[in-house]
Amino acid sequence: MTRFRESVRFLLREQVLDAAYRVVAAEGWGGLRMTAIARAAGISRQTLYNEFGSKDAIGNALVQRELDGFLRGIQRELDGHRGELEAAAAAGVGYTLQQAADNPLIKGVLVAERGGEGALLASTAMVDAYAIETWPDVDEESRRLAVETIVRLTVSHIVRPVASPEESARRIARITARTAYPGGR
């Protein structure tokens with residue numbers, strides 16, 4: 001019986017977060033109200049309050065869910081190109097730029113509309129951990145500079161795109177490779 005309750009609770013939470021996502025995507029963070037979320041989820045406000053307690057708790061859970069999925073997506077892209085620094089960088093940056101273009105919550109989180117510093121730190125830490133593991137021949141200073149460069153340039157291209165996501169990803173990957181290997185390879 002406990003697993004059944006856990007499953008029902010998980011499905012309810014996902015239903016609410018899906019509804020909250022639709023509300024935020026349509027109306028922005030200002031439109032995130034308990035009444036609107038309950039209506040979009042097809043549940044009562046009381047059920048919503050019982051499950052989450054507050055609008056802020058829903059907003060935080062939504063941001064965390066989107067960020068977790070986003071970071072898993074970047075990891076998949078990077079893992080698909082292990083040992084190929086420039087290809088991995090292009091794949092990860094391309095994924096990020098496309099997600100920011102397609103998902104207003106991800107874009108908002110990455111450009112600090114709601115908790116962006118945490119997202120920036122999480123992204124930097126993840127890319128750094130990946131770089132330590134997969135770029136063993138890159139010295140520590142070059143690695144740190146390359147990681148900072150890729151994260152900051154990616155955010156810059158989210159805020160003010162200058163080319164298509166694919167072209168921007170290619171350029172940022174090339175800069176990252178040259179930063180990681182300043183004397184060439």
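Two residues are in contact when heavy atoms of theirs lie within 4.5 Å, and with that idea in hand you can begin to read this chain, which is a predicted model. Among contacts between residues at least 6 apart in sequence, 64% join residues that are at least 24 apart.

**The whole chain**

Start by selecting the whole chain and showing it as a cartoon, where you will find nine helices and zero strands, so that, because only helices and strands are counted as such elements, the pattern read along the sequence is α-α-α-α-α-α-α-α-α. If you turn the C-alpha trace along its principal axes, it spans about 65 × 40 × 20 Å.

Next, switch on the surface, of which the chain exposes about 10,100 Å², with carbon and sulfur atoms supplying 51% of that area. Of the 185 residues in the chain, 42% count as buried.

Now colour the charged side chains, and you will have 24 positive and 24 negative ones to look at, with the centres of the two sets lying 7 Å apart. In the structure as a whole there are 13 salt bridges, and several of the stops below visit one of them.

**Helix α8**

Select residues 140-159, which form helix α8, and pick out R143 within that helix. Is R143 buried or exposed? With a relative accessible area of 11%, R143 is buried, because buried means under 20%.

Which residues does R143 touch, once those up to four places away in sequence are set aside? Show D128, A131, I132, W135 and V138 together with R143, since these are the residues that R143 touches. Then look more closely at D128, whose side chain makes a polar contact with the side chain of R143 at 2.9 Å.

Stay in the helix and select E140 and R144, whose side chains meet in a salt bridge with an N to O distance of 3.2 Å. These two residues are four apart in helix α8, which means that about one helical turn separates E140 from R144. R144 counts as partly exposed, because its relative accessibility of 45% falls between the limits for buried and exposed.

**Helix α9**

Move on to residues 165-180, which make up helix α9, and select E167 and R170, which are three residues apart and separated by about one helical turn. Their side chains meet in a salt bridge, with 2.4 Å from N to O. Both partners are partly exposed, E167 with a relative accessible area of 22% and R170 with one of 38%.

Keep E167 selected and add R171, because the side chains of R171 and E167 also meet in a salt bridge, at 3.0 Å from N to O. R171 and E167 lie in helix α9 as well, four residues apart, about one turn of the helix. At 37% relative accessibility, R171 too counts as partly exposed.

**A network to finish**

For the last stop, select E14, D18, R65 and E66, which salt bridges that share partners join into one network.

Technical notes
Residues numbered from 1 in each chain as written. Predicted model: local features only at pLDDT ≥ 70, side-chain atom pairs only at ≥ 80, totals over all residues. Heavy atoms only, no water. Buried < 20%, exposed > 50% of the residue type's maximum accessible area, 1.4 Å probe, protein only. Polar contact = N/O pair within 3.5 Å; in protein donor to acceptor, adjacent residues only side chain to side chain. Areas by Shrake-Rupley, 256 points an atom, 1.4 Å probe, with all protein chains shown as cover. Lys, Arg positive; Asp, Glu negative; His and termini not counted. Charge placed at Lys NZ, Arg CZ, Asp CG, Glu CD. Salt bridge = Lys/Arg side-chain N within 4 Å of Asp/Glu carboxyl O.
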